[in-house]
Amino acid sequence: MKHVDTPTRPGEATSEIPDVEVTLNVNGDPYRMRLDSRVTLLDALRDHLGLTGAKKGCDQGACGACTVLVDGKRIVSCLALAAQYDGREITTLEGLTDDGEPHPLQKAFARHDAFQCGYCTPGQIMSAVSLQAEGRAGTDADICEFMSGNICRCGAYPNIRAAIRDVVSEANDASV
Amino acid sequence: MTTLEDPTRTVIGEGVDRVDAPLKTTGAAHYPNDYTYPGMVHAALVGSTIAAGRIRSIDASEAQRAPGVLTVITHLTAPQLERGPMTLLGPSPPAPMQDDRILHYGQHIAVVVADSPEQARHAASLVNVEYEPAEALLDIEDPRAEILENPWGLDSERGDVSAGFAQADVVVDERYTTPDNTNNPLGLFTSIASWHGDSVTVHDSTQWPHNVRTSIAQIFRIPESGVRVLAPFVGGGFGAGLRVWCHTILTAMAAREVKRPVKLVLTRPQMFTSVGHRPNSVQHIKIGATSSGDLTAIEHRAISSVAMEDDDYEPVAAGSAVAYECPNLLTHDRQARLNIPCPGSMRAPAEGQGNFALESAIDEVAHALGMDPLELRLRNYAEQHPVLGLPWSSKALRECYTLGAERFGWSRRTPAIGSMRDGDWLVGYGLAGVSYPFYQVPCQARASLRRDGSAYVTSAATDIGTGTYTVMTQLAAECLGLDLNRVRFDLGDSDMPYSPQAGGSGLTGALANAVHMACGNLVREFLDIVRDDDASPLRGAAAEEVTASGGRLHRTDAPDQGEAYTDILNRHGLEELSADGRSTPPDPQKIGMATAGAFGAKFVEVRIDPQLGLLRVARVVSAIDGGRILNEKTASSQITGGTVGGISQAMFEETATDAGTGRIANATFGDYLMPVNADIPDMEVIFCGGPDRATTVGTKGVGEVGLVGMAAAIGNAIHHATGRRLRSLPFTIDQLLL
């Protein structure tokens with residue numbers, strides 16, 4: 001168990017806002033934390049655990065850059081308070097590689113140039129991972145529709161679809 | 001040495017994967033807001049809630065007492081600051097928080113620093129401000145607004161436009177409007193400042209680290225050598241990172257006061273009022289043509305909005321002067337000063353707005369003449385630069401039109417309005433031409449070769465998604481005859497050799513020529529070392545007689561006479577050799593050619609459901625003359641991304657300013673519309689032409705040309721499908737209900 005404390009100055013009440021104790025299971029490791037109760041799941045991951053893969057693009061749940069998996073399902077972590085996720089299993093982009101070997105979607109995103117600035121990429125990849133699990137990657141129309149919660153301002157959408165298609169068809173080939 | 005025309009070359013042009021892809025796909029690429037420092041504290045900004053007037057009183061006492069707060073700085077307590085320097089792109093923004101005047105909504109009026117971001121944000125909400133409001137000027141056509149005439153001296157006049165219109169059989173005379181758009185790169189702009197004595201390290205969401213360095217040094221009166229600016233990765237910019245905006249200055253100011261590293265991350269709503277936007281425009285365009293389709297006169301007058309006390313380079317009409325061969329022409333640009341956040345460059349500034357009016361009006365002329373709009377464009381093709389009267393350094397726009405038309409299937413277009421259908425959908429074909437301006441400024445780079453035979457090349461540029469890391473690695477590998485994985489190109493650090501901004505589609509050209517020269521000079525350094533070396537097969541060889549290949553240099557006419565870089569370094573006891581290179585933009589008069597930017601032809605198919613007013617872009621073919629393409633894959637991505645930006649400009653984006661208060665009414669990603677995945681079809685990009693003749697490497701920037709022309713091409717396709725001529729962006733459902 002790793003302990004992470006919110007920074008406080010000695011001799012000063014941290015806040016009128018009560019702190020909360022929370023254990024987040026992130027990428028397989030438990031982290032016990034004492035947090036300002038206003039801290040979002042995204043900020044807990046980024047500012048307190050140093051997992052900066054998930055990005056903050058709007059802080060309003062509208063761009064998808066902060067997408068992570070909770071118990072296998074994708075959520076926008078900027079609209080989630082860390083305190084609500086005590087004991088839950090959280091997967092971030094950093095947890096996607098398997099013993100240093102990138103996930104097939106990570107490789108496909110590189111191959112298809114499915115990003116430019118790369119800022120939305122962690123969220124896109126996490127959404128794409130989830131899409132497969134949701135069974136929504138079967139058709140182009142589904143990929144378009146169910147990847148539409150992840151904004152790419154650089155405009156890499158066609159290449160993002162190509163990367164997902166590529167991995168889906170590889171998976172299908174493998175299962176035949 | 002190796003020339004770029006070497007038929008054995010394998011690295012240049014090839015669509016290799018981005019060299020930074022492993023970092024970007026694993027979360028290991030660090031953007032400004034991913035950094036943290038020991039003891040770092042957090043800033044939050046308070047923005048004005050009125051657009052004009054004065055601060056009568058500002059009470060920060062409650063905020064100051066809030067938990068975790070270290071300081072609250074207002075205009076009453078801020079140090080006096082100089083305005084930043086004059087730059088290549090014009091003046092710096094005025095220094096922030098210097099007096100009690102309010103010039104626009106969202107103006108930064110206080111900065112709160114606290115231990116945590118949550119504490120800072122909360123305390124910012126406790127700052128109590130009383131205003132003395134004044135009436136805000138917000139309408140671009142408000143007669144009270146101060147007008148700047150011909151602000152950049154780029155107005156054009158040739159021939160006699162009145163006589164030209166008198167000769168015309170057809171005259172189109174229309175008013176086009178474009179709204180404010182907000183850049184909205186996905187990365188929230190972030191500044192971190194960490195002082196150590198009179199030196200400061202700054203992480204910043206910038207497209208131009210050296211500009212940040214120069215500005216911070218001048219504003220805080222410290223030597224430039226004491227300022228280090230880092231931006232190895234930036235979460236997009238689209239122009240927003242070209243200037244040193246007030247939030248960066250305030251971060252450095254706050255960090256100096258609290259003597260701790262300070263981080264400031266703008267909120268998404270603040271991104272609408274703090275870092276520029278594409279200004280709205282009203283354009284009057286008048287085009288005359290003979291019945292056979294010869295343009296006789298073009299008159300393009302435009303007005304854009306600009307802030308009360310800041311400047312923006314936005315010559316909306318000026319681009320029309322070089323688009324067509326037309327003997328009589330007048331362009332005139334103006335700006336109206338308003339109580340708005342200052343506009344700034346947004347991907348294809350000015351061109352994005354001006355081309356919409358010009359290329360739509362050309363389509364109107366074609367329709368009035370009953371002529372194919374492609375034929376009209378080819379008929380009035382500018383073989384020479386219409387203003388300079390010089391041949392272009394390269395121009396394959398004709399090829400773009402013809403190859404693009406072929407790929408798109410333009411010949412299947414039946415000209416009659418509404419004549420193409422697919423079930424319930426009306427189908428429309430539209431096109432637009434693009435002549436993007438040339439822009440290039442001096443740039444420097446340094447190349448080093450180490451004892452293990454690997455190369456390290458640097459320049460303080462940025463890669464805002466453009467592929468700079470990748471294409472410069474390719475170019476250096478090619479010039480030095482090394483495998484890609486033996487070369488590292490690094491950027492985003494103001495301690496590296498000077499680089500201009502990633503902007504104006506000018507960086508790749510400027511930087512490529514600097515890297516090319518640095519690598520050439522490095523080869524010369526090696527030859528210099530072995531000039532009198534009896535042990536070297538290269539003894540006495542001149543650079544022109546030598547080829548770099550396979551990690552070695554050899555005589556071009558005798559490949560077996562050569563040796564590896566590592567052999568030379570080892571024999572001479574050297575750890576590494578380095579050389580600098582610099583590029584300067586070519587002078588058209590000296591080279592006898594008009595320096596050309598990129599050209600493009602955009603072909604679009606739209607589908608419209610006439611009952612619901614639904615508009616869908618079904619297909620796009622972009623045919624682009626981008627000079628030498630250094631990497632087919634990243635260059636295509638630039639064009640595709642630009643095209644998405646153009647679709648966005650055409651159909652989605654409009655920053656809405658509340659007429660009464662100057663508040664941005666849609667300053668969130670829930671309200672400000674941008675395309676999502678389902679809005680964008682698969683698209684084709686083809687590259688035409690070859691290396692540009694004006695520079696050694698021969699690239700032409702492709703970062704912006706892809707956006708331009710989309711609004712007109714979509715509008716022209718809508719007209720083809722429905723007979724409706726839409727002259728006001730964006731094209732929304734209410735304009736399309738038939």
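The dialogue below walks through how to read chain A and two sheets of chain B in this predicted model.

Colleague: I would like to begin with chain A, so how many helices and strands does its secondary structure come to?

Modeller: Bearing in mind that the model is predicted, chain A comes to five helices and six strands, and along the sequence these elements follow the pattern β-β-β-α-β-β-β-α-α-α-α. The radius of gyration of chain A is 17 Å, close to the 16 Å that the globule rule gives for 176 residues, so chain A is as compact as a globular protein of that length.

Colleague: What box do the C-alpha atoms of chain A fill along the principal axes, and what percentage of the residues in chain A is buried?

Modeller: The box is roughly 60 × 30 × 25 Å when taken along those axes, while buried residues make up 53% of the 176 residues in chain A. If you look at contacts in chain A with a separation of 6 or more, 56% of them are accounted for by residues 24 or more positions apart.

Colleague: Turning to the surface and the charges, what area does chain A expose, and how many positive and negative charges does it have?

Modeller: Chain A exposes about 7000 Å², of which carbon and sulfur atoms supply 49%. There are 17 positive and 25 negative charges in chain A, and their mean positions are 4 Å apart.

Colleague: Now for chain B, how should I read the sheet that contains β17, and which strands stand at its edges?

Modeller: As a general idea, strands of a sheet pair through backbone hydrogen bonds, either parallel or antiparallel. In chain B, five strands form an open sheet with mixed pairing, in the order β17-β18-β26-β27-β28. The edges are held by β17 (421–422) and β28 (684–687) of chain B, each of which has a single partner strand, so one side of each is left without a neighbour in the sheet. Between β17(B) and β18 (residues 425–435) of chain B there are two bridges, and these strands run antiparallel; B:Asp422 has B:Trp425, in β18(B), as its bridge partner.

Colleague: And in the sheet of chain B with the order β4-β2-β6, is the pairing parallel or antiparallel?

Modeller: The pairing of those three strands, which form an open sheet, is antiparallel. Here β4 (101–102) and β6 (128–133) of chain B stand at the edges with a single partner strand each, so one side of each lacks a neighbour in the sheet. Strand β2 (residues 53–59) of chain B is joined to β4(B) by two bridges, and the bridge partner of B:Gly53 in β4(B) is B:Ile102.

Terms used
Residues are numbered from 1 along each chain as its sequence is written. Chains are lettered from A and ligands numbered from 1 in the order in which they are written. This is a predicted model: local features need pLDDT of at least 70, side-chain atom pairs count only at pLDDT 80 or more; totals for chains, interfaces and linings use all residues. Side-chain values use heavy atoms; hydrogens and water are left out. Helices (H or I, at least four residues) and strands (E, at least two) are DSSP runs, numbered from the N terminus. The radius of gyration is taken over C-alpha atoms; the globule rule is 2.2 Å times the number of residues to the power 0.38. Buried means under 20% relative accessible area, exposed over 50%, partly exposed in between (1.4 Å probe, protein chains only). Contact means heavy atoms within 4.5 Å. Accessible areas come from the Shrake-Rupley method with a 1.4 Å probe; for residues, only the protein chains shown count as cover. Lys and Arg count as positive and Asp and Glu as negative; His and the chain ends are not counted. The place of a charge is taken as NZ of Lys, CZ of Arg, CG of Asp or CD of Glu. Two strands pair if DSSP finds at least two bridges between them.
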